[in-house]
Amino acid sequence: MHNEGVFEGEGSASAIAGVVDRPRLYRVLDSSLVRICVLQGPSGCGKTTLVRSWALRPGQESVTWVSLSGSITSRRAFWEHVASSATRLGDLSEEAAQAVRLQLSLATDPVRIASQVLADAGAVVIVFDAYEHLGDAMPEIDEDLARLVNEVPELRIVVTSRAPTRLTQVAPDDGSVVRVITLAELALTSDEVGALVLAQTGIDDDQLAKSITRATHGFPLTVRAVVLTLSQLGRIPSVDSPEWNNVVAARLESLLPDAEAVQFVTDTSVPPYLDRELAALLSETEGAAGLLDVLERNGFGRWIPYAQGREVFQYVETIRDTFRTRARQDEPRFRRACVATAVWLLENEEVVEQALQFAIDGE
């Protein structure tokens, strides 16, 4: 099997603008003990970039890259897409691909077909990028991939996903492991930030790297935005300055589908967490519950336990910090949001200090 066109060329991650080599995570991806590796986190946290830069390295083992999209809505469509990707990469002849498609059309077990194709392929890594696009088909595909790993001993699977997947719960029969690379691990360390600054700007400054790391929490998209701005301006904007906030906000806003979603995230980033009712109140949006579910599926935040039988939504820290700063730019709207949050906290919390602070912010 071969690396897809996206991996053309040799060299390190530094060949990609705004990317740095990350040996501590490459070791996880390299490990033969890790049969399934799931990189899980929101847009902009560096999942695809990490796997891409790992696969760029000279001498990398065979990697087949399968990019997923929202058009794949069924088990059969998924496996037909995998076969098409393998054909395009030269891993399957057109004749073999046609035979696979025929078997799939006859409802033949796709795992058995894939096992036969991979039986003599040797050590292979298949990357499934943007796995969250599988939506309702994901549980069935999870089961298929878990079976496939057990039936093909030399196969390893790497998944990038904004949404949770049951693959994290698989226990391979051969005693190997499933490894989840979390948002916390994907965050860049100050050493990695320093290497990125040096590669992009020629500046070797440990204190600068540490200040960028603190200000961005190491969130890769935000770090890259700052470093690329630094390389263009020849300087770094002062942390918390309007220029800094505009750079960060523009990058994160680009991840949202439209202006309505940007305003919704801005309004609902004021409280530390919120339920559906508070989201509707802050945003004045009837579809608040649906928007929160979309944001959760896309990794902007997560539902967390709050009380018995009840949960609240909490944004990823970097995203909340950025959009809360944006919310402050509309002072009357921000103050109203603070007052609504203070009331909600008083109604739902035993500790009043946090509510009092919001009441002060709301004047």
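**Sheet, helix packing and aromatic pairs in a predicted model**

Val127 has Val158 of β4 as its bridge partner. The model that contains this pair is predicted. The two strands concerned, β3 (residues 124-129) and β4 (residues 155-161), run parallel and are joined by five bridges. Strand β3 also pairs with β2, again in the parallel sense and over five bridges. In that pairing, Ser67 has Asp129 of β3 as its bridge partner.

These pairings belong to an open sheet of five strands, ordered β2-β3-β4-β1-β5, in which the pairing is parallel. The edges are formed by β2 (63-67) and β5 (177-181); each has a single partner strand, so one side of each lacks a neighbour in the sheet. From one strand to the next, the twist averages 15 degrees. In a regular strand, side chains alternate between the two faces of the sheet. Although β2 stands at an edge, four of its five residues are buried, so this strand is largely enclosed by the rest of the structure. Helix α2 (residues 47-56) lies across β1 (34-40), β2, β3, β4 and β5. The direction of α2 is at about 145 degrees to that of β4.

For the chain as a whole, the secondary structure amounts to 17 helices and seven strands. The chain has 363 residues, of which 49% count as buried. Of the contacts between residues at least 6 apart in sequence, 71% join residues at least 24 apart.

Beyond the sheet, the packing of two helices was examined. Helix α13 (residues 276-283) packs against helix α14 (residues 288-297) at an angle of about 110 degrees, and the axes are 8 Å apart. The two helices are therefore roughly perpendicular to each other. On the α13 side, the contact is made by Arg276, Ala279, Ala280 and Ser283, and on the α14 side by Ala288, Ala289, Leu292 and Asp293. Five of the residues in this contact are nonpolar, one is polar and two are charged. The loop between α13 and α14 contains Glu284. Glu284 is not a glycine, yet its phi is positive, near 55 degrees. With a relative accessibility of 64%, Glu284 counts as exposed.

A positive phi also occurs at Ala130, where the value is about 65 degrees although the residue is not a glycine. Ala130 lies in the loop between β3 and α6 (138-151). In contrast to Glu284, which counts as exposed, Ala130 is buried, with a relative accessible area of 15%.

Aromatic pairs were also searched for, and the whole structure yields five. In one of them, the ring centres of Phe78 and Phe128 are 5.5 Å apart and the planes are at 35 degrees, so the pair is tilted. This pair links distant parts of the chain, since Phe78 is in helix α3 (residues 75-88) and Phe128 is in strand β3, 50 residues apart. Both partners lie below the 20% limit for a buried residue: Phe78 counts as buried at 0% relative accessibility, and Phe128 counts as buried at 1%. Trp79 joins Phe78 and Phe128 in one aromatic cluster.

Another aromatic pair, between Trp303 and Phe313, is edge-to-face, with 5.4 Å from centre to centre and 70 degrees between the planes. Trp303 lies in strand β6 (residues 301-307) and Phe313 in strand β7 (residues 310-315), so the pair ties together parts of the chain that are ten residues apart in sequence. Trp303 counts as buried at 15% relative accessibility. Phe313 counts as buried at 0% relative accessibility.

Strand β3 thus recurs in several of these results. It is paired with β4 and with β2, is among the strands crossed by α2, and holds Phe128 of the tilted aromatic pair.

Notes:
Residues are numbered from 1 along each chain as its sequence is written. This is a predicted model: local features need pLDDT of at least 70, side-chain atom pairs count only at pLDDT 80 or more; totals for chains, interfaces and linings use all residues. Side-chain values use heavy atoms; hydrogens and water are left out. Axes are lines fitted to C-alpha atoms, for helices over the stretch in contact, and angles run from 0 to 180 degrees between N-to-C directions. Angles under 35 degrees count as roughly parallel, over 145 as roughly antiparallel, 65 to 115 as roughly perpendicular and the rest as oblique. Contact means heavy atoms within 4.5 Å. Ala, Val, Leu, Ile, Met, Phe, Trp, Tyr, Cys and Pro count as nonpolar, Asp, Glu, Lys and Arg as charged, and the others, Gly among them, as polar. Two strands pair if DSSP finds at least two bridges between them. Buried means under 20% relative accessible area, exposed over 50%, partly exposed in between (1.4 Å probe, protein chains only). Rings of Phe, Tyr and Trp (its six-membered ring) pair if their centres lie within 6.5 Å; planes under 30 degrees apart count as stacked, over 60 as edge-to-face and the rest as tilted.
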